[in-house]
Every structure is written in structure tokens, then in C-alpha cells.
Amino acid sequence: MLEDTYKHQGMRRKLIQKLRDKGIQNERVLSAMAKIPRHVFFDNAFLEHAYQDKAFPIGHGQTISQPYTVAFQSELLEVKPGDKILEIGTGSGYQACVLCELGAKLYTIEYQKPLYERTKVFLPQMGYKPFFFCGDGSKGISAHAPYDKIIVTAGAPSVPTALLEQLNIGGYLIIPVGDNQTQQMLRLTKDTDRKIVKEVFSNFSFVPLKGEQGWQ
Ligand code: SAM
């Protein structure tokens, strides 16, 4: 199942070129994504979709994010080896693999138990070993805070205050915020006097962030 053929490597190279053409410049992000087999997240019947730049259903009404979205959020995070990162929305685990490949010490939380169960077994088989949690990530994971960076991979109605509280000084929170159709990608930085600096990027369309500080 984890076999990576020349055919897949070729398709992955083309996908990476597409990401460059769309404006992704961070070479570490591009090499991480060039290394990770995306087809292993797909059933055999859908393999031809694996290296297209689009989101795809992974069951339970959820999706594996579009490669461009993964690259965009990873680029905004500016991951340094050893960064302690919290990911909200483990889903398939593909974004988690990218963050581990970039050298993050990763904590990842998923709301839906079947996805959590599947991913916490599957990722270690691929050689990636983040810390897995199941629960409402809109509240963060206070027991392990603070984090250098936090990434939310589901669309939120507003910025959860818990996530800002759990961010280290100088840390980033990357989060799509908007309505249930379109969200603006935000990067919030906690500066040295704990003030939050907001940067706004382009629009995306995510599945909803559920939970206490998400969509009820
Ligand atoms: N990072 C994922 C990937 O690479 O496949 C993308 C996953 S999908 C776009 C968003 C995920 O967020 C879904 O699996 C969904 O169940 C999860 N989610 C939604 N609300 C959540 C919450 N409050 N806490 C944790 N996970 C949540």
C-alpha cells in the first residue's frame, strides 16, 4: 500500500511545478511535498485524483485538503526545525506529514473519532509520529501549551480566543475565518507585548471548524 512508483514520483513532480506556478516559493515546503506520497491517502479506485491540485473526500463528510492550500498554509507558518506546532483538524494526516517533514514537533487534534483512529495508525506506518489527540480543537490543547505555531485546517466563524491564549510570544496562528462558503486566510502574530498583529491573505473554502469556539 505504501509503495511509491516512478509513475507516482513523476506525477508528484508535475504537481510541485503547478504549486510553483501558482506562487509557492518556499523550497523547504516544496521539497517536503515532493517527498510525501499523496496517493497512499486514496483508495485504489480514486488513485488518478491523488496528484491533482484539488481537495478530495476522505469519508465522514471530510476532505484531504487541496495541495495548494496545504502548501499555502505551510508557507505562512514558516516552520523551523524543532518548532512546537498544534494542528487543529488532523483529517487524513497529509498536512501533518508535511509539518513533520519540515521538522516540527507536532501535536495534532481531530474531532471525529473514526478519522483520529485511522490516522494515528496510518501515519506511524509512513514513518511520521506526531502526538495524536481526539477532541474539540477549537479550544486548543491547554495541557501542552504554549505552541510556537498553530494551524487550523477547517473554516472558523471567528478567531477562537483559546488558540490566541495558547500561542507563544512571537508565534503565529494561521486560520481561515469567514462564513460557511468562503473564508479569508489570516495570520495572527503575538508580538512581544502580547498584542495581536493581523495579516489577511486570499480566500479559501474549508469544511467547518466545529466545536465550542467554532460552528455549533
Ligand atoms: N489537515 C487535513 C488533511 O491534511 O487532510 C485537512 C482536514 S479537513 C479539511 C478538516 C478537518 O478538521 C476534518 O477532519 C474535521 O473533522 C476537522 N475538524 C473540524 N472541527 C474540528 C475541531 N473542533 N477540532 C478538531 N478537528 C476538527
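How many nonpolar, polar and charged residues does the lining of the second largest pocket have? The count is 11 nonpolar, 5 polar and 2 charged residues. Keep in mind that this is a predicted model.

Stay with the second largest pocket for a moment. Its space comes to about 400 Å³. The lining is made of 18 residues. Closest to the centre are His39, Val40, Phe41, Phe42 and Asp43. Two named elements take part as well. β1, residues 56-59, supplies at least two residues of this lining. So does α5, residues 113-126.

Now move to the largest pocket. Its volume is about 490 Å³. Here 34 residues form the lining. Gln62, Gly89, Thr153, Ala154 and Val207 are the ones closest to the centre of this pocket. Five elements each give two or more residues to the lining: β2, α3 (67-77), β3, α4 and β4. β2 gives the most, with 3 residues. By class, the lining of the largest pocket holds 14 nonpolar, 16 polar and 4 charged residues.

What sits in the largest pocket? The ligand does. Around the ligand stand 28 residues. The closest of them are Gly89, Ser92, Glu110, Gly137 and Lys210. Gly89 is thus named for the ligand, and Gly89 is also named for the centre of the largest pocket.

Look next at single contacts. Glutamate 110 places a polar side-chain atom 2.6 Å from an oxygen atom of the ligand. Glutamine 95 uses its backbone instead: an N or O atom there lies 3.0 Å from a ligand oxygen atom. Threonine 153 faces a nitrogen atom of the ligand, with a side-chain N or O atom at 3.3 Å. Threonine 153 was also listed by the centre of the largest pocket. How much of the ligand does the protein bury? Taken alone, the ligand exposes 600 Å², and the protein buries 99% of that.

Which elements give two or more residues to the shell around the ligand? They are β2 (62-64), β3 (84-88), α4 (94-101) and β4 (105-110). β2 gives the most to this shell, with 3 residues. β2 also leads in the lining of the largest pocket. By class, the shell divides into 10 nonpolar, 14 polar and 4 charged residues.

Two backbone details complete the walk. The first concerns a loop between two strands, β5 (131-134) and β6 (147-152). Proline 146 is found in that loop. The peptide bond that runs from alanine 145 to proline 146 is cis, and its omega is near 0°.

The other detail concerns histidine 60. This residue has its place in the loop between β1 and β2. Its phi is near 60°. That is a positive value in a residue other than glycine. The two strands beside this loop have appeared already. β1 supplies at least two residues to the lining of the second largest pocket, while β2 gives 3 residues to the shell around the ligand.

Key
Residues numbered from 1 in each chain as written. Predicted model: local features only at pLDDT ≥ 70, side-chain atom pairs only at ≥ 80, totals over all residues. Heavy atoms only, no water. Near = heavy atom within 4 Å. Polar contact = N/O pair within 3.5 Å; in protein donor to acceptor, adjacent residues only side chain to side chain. Areas by Shrake-Rupley, 256 points an atom, 1.4 Å probe, with all protein chains shown as cover. 1 Å grid on protein atoms, 1.4 Å probe; cavity = no way out; pocket = protein on both sides within 12 Å on 5 of 7 lines; lining within 4 Å. Sits in = over half its atoms within 2 Å of the grid points. Helix = DSSP H or I, 4+ residues; strand = E, 2+ residues; numbered from the N terminus. Nonpolar A, V, L, I, M, F, W, Y, C, P; charged D, E, K, R; others polar. Points joined across faces, edges and corners; volume = space filled by probe spheres on them.
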